[in-house]
Amino acid sequence: MAELQLDPKKTALVLIDLQNSTIGVNTAPYAVAQVVANSKKLAEAFRAAGAPVIYVNVDFNGFLKLPADQPFDIGDKPIPAVASQIAPSAGFQPGDILVTKRHWGAFAGTDLEQQLKTRGVDAVVLTGISTNHGVESTARQGTGLGFGFVVVEDACSGQDGEQHRFAFEKIFPRLCRVRSTKEVLAGLA
């Protein structure tokens, strides 16, 4: 595995769904608290390096309801807006960018691509919850748009440890680079 070197002028950190509705769920293989702590540590380092930090949340009340065999069921009643807000523990700061999505991936139907391109970004470091939903969908969409990705294994977690493992062993290595929080911090330094 090649040593990671990140240019803060061309790299952004994108944090997926670290919002009030997700920080209370059980995740595997890492607890939400560890994912949030590692993501926050990365955000602090990216800000210090002058690199963009972008938090992505999902608007549940505007979530696209598309035909699926096992659709995402959020019920028929409106969900309080606070559920979609970035959790205070995730460390959103003034100057950070917020992108709100309406489906799994952070690119479709949002201005994320434009936010990155106007800043000269061609590489994205990706963290968040859930590995096999928001994180994987964002990586797949973004690679199709020509962005390079580094997915941070210990700053992601899923609803199922086996699905997380499969994504990091079989899917992500074919799409992008997989690294740990420690390796990304060293690559940014």
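Helices here are DSSP runs of at least four residues and strands are runs of at least two, numbered from the N terminus.

**Figure 1. The whole chain at a glance, with its five helices and six strands.**
Welcome to a predicted model. Walk along the sequence and you will meet the pattern β-α-β-β-α-β-α-β-α-β-α. How does the radius of gyration of the chain fit that of a compact globule? For 189 residues a compact globule would come near 16 Å, and the chain has 15 Å, so the two agree. Along its principal axes, the C-alpha trace spans about 45 × 35 × 30 Å. Of the 189 residues, 47% count as buried. The accessible surface comes to about 9,300 Å², and 52% of that belongs to carbon and sulfur atoms. Take the contacts between residues at least 6 apart in sequence: 82% of these join residues at least 24 apart.

**Figure 2. Helix H3 beside helix H4.**
This view brings together H3, residues 131-144, and H4, residues 161-175. Their axes come within 11 Å and cross at roughly 5°. Angles under 35 degrees count as roughly parallel, and H3 and H4 are therefore roughly parallel to each other. On the H3 side, the contact is made by Thr-131, Asn-132, Val-135, Glu-136, Ala-139, Arg-140 and Thr-143. H4 answers with Gln-163, His-164, Ala-167, Phe-168, Ile-171, Phe-172 and Leu-175. Sorted by class, this contact has seven nonpolar, five polar and two charged residues.

**Figure 3. Helix H1 beside helix H5.**
Now turn to another pair: H1 covers residues 32-48 and H5 covers residues 181-188. The two helices pack at an angle of about 0°, with their axes 10 Å apart. That angle makes H1 roughly parallel to H5. Which residues of H1 meet H5? They are Asn-38, Lys-41, Leu-42, Ala-45 and Phe-46. Their partners in H5 are Thr-181, Val-184, Leu-185 and Leu-188. By class, the contact of H1 with H5 has six nonpolar, two polar and one charged residues.

**Figure 4. A close look at Val-32 in helix H1.**
Is Val-32 buried or exposed? Its relative accessible area is 9%, and buried means under 20%, so Val-32 is buried. Leaving out residues up to four places away in sequence, Val-32 touches Thr-22, Ile-23, Val-25, Thr-27 and Ile-129. Ser-157 is worth finding in this view too: it is 125 residues from Val-32 along the chain, yet their C-alpha atoms are separated by 7.4 Å.

**Figure 5. The loop between strand S1 and helix H1, seen at Asp-17 and Pro-29.**
Strand S1 covers residues 11-16, and Pro-29 lies in the loop between S1 and H1. A cis peptide bond joins Ala-28 and Pro-29, with omega about 5°. Asp-17 lies in the loop between S1 and H1 as well. Look at the backbone of Asp-17: phi is near 55°, a positive value in a residue other than glycine. With a relative accessible area of 7%, Asp-17 is buried.

**Figure 6. Gly-161 in helix H4 and its contacts with Ala-28 and Pro-29.**
Here you meet Ala-28 and Pro-29 again, since Gly-161 is in contact with both when its neighbours within four places in sequence are left aside. How much of Gly-161 is accessible? Its relative accessible area is 25%, and Gly-161 is partly exposed. Gly-128 stands 33 residues from Gly-161 along the chain, and their C-alpha atoms are separated by 14 Å.

**Figure 7. A second cis peptide bond, joining Ile-129 and Ser-130.**
For this bond, omega is about 15°. Ser-130 lies in the loop between strand S4, residues 123-129, and helix H3. You may remember Ile-129 from the list of residues that Val-32 touches.

**Figure 8. Ser-137 in helix H3.**
Our last stop is a serine in H3. Which residues does Ser-137 touch, not counting those up to four places away in sequence? The residues are Trp-104 and Gly-105. Buried means under 20% relative accessible area. Ser-137 has 19% relative accessibility, so Ser-137 counts as buried.

How values were computed:
Residues numbered from 1 in each chain as written. Predicted model: local features only at pLDDT ≥ 70, side-chain atom pairs only at ≥ 80, totals over all residues. Heavy atoms only, no water. Axes fitted to C-alpha atoms, helices over the stretch in contact; angles between N-to-C directions. Parallel < 35°, antiparallel > 145°, perpendicular 65-115°, else oblique. Contact = heavy atoms within 4.5 Å. Nonpolar A, V, L, I, M, F, W, Y, C, P; charged D, E, K, R; others polar. Rg over C-alpha atoms; globule rule 2.2 N^0.38 Å. Buried < 20%, exposed > 50% of the residue type's maximum accessible area, 1.4 Å probe, protein only. Areas by Shrake-Rupley, 256 points an atom, 1.4 Å probe, with all protein chains shown as cover.
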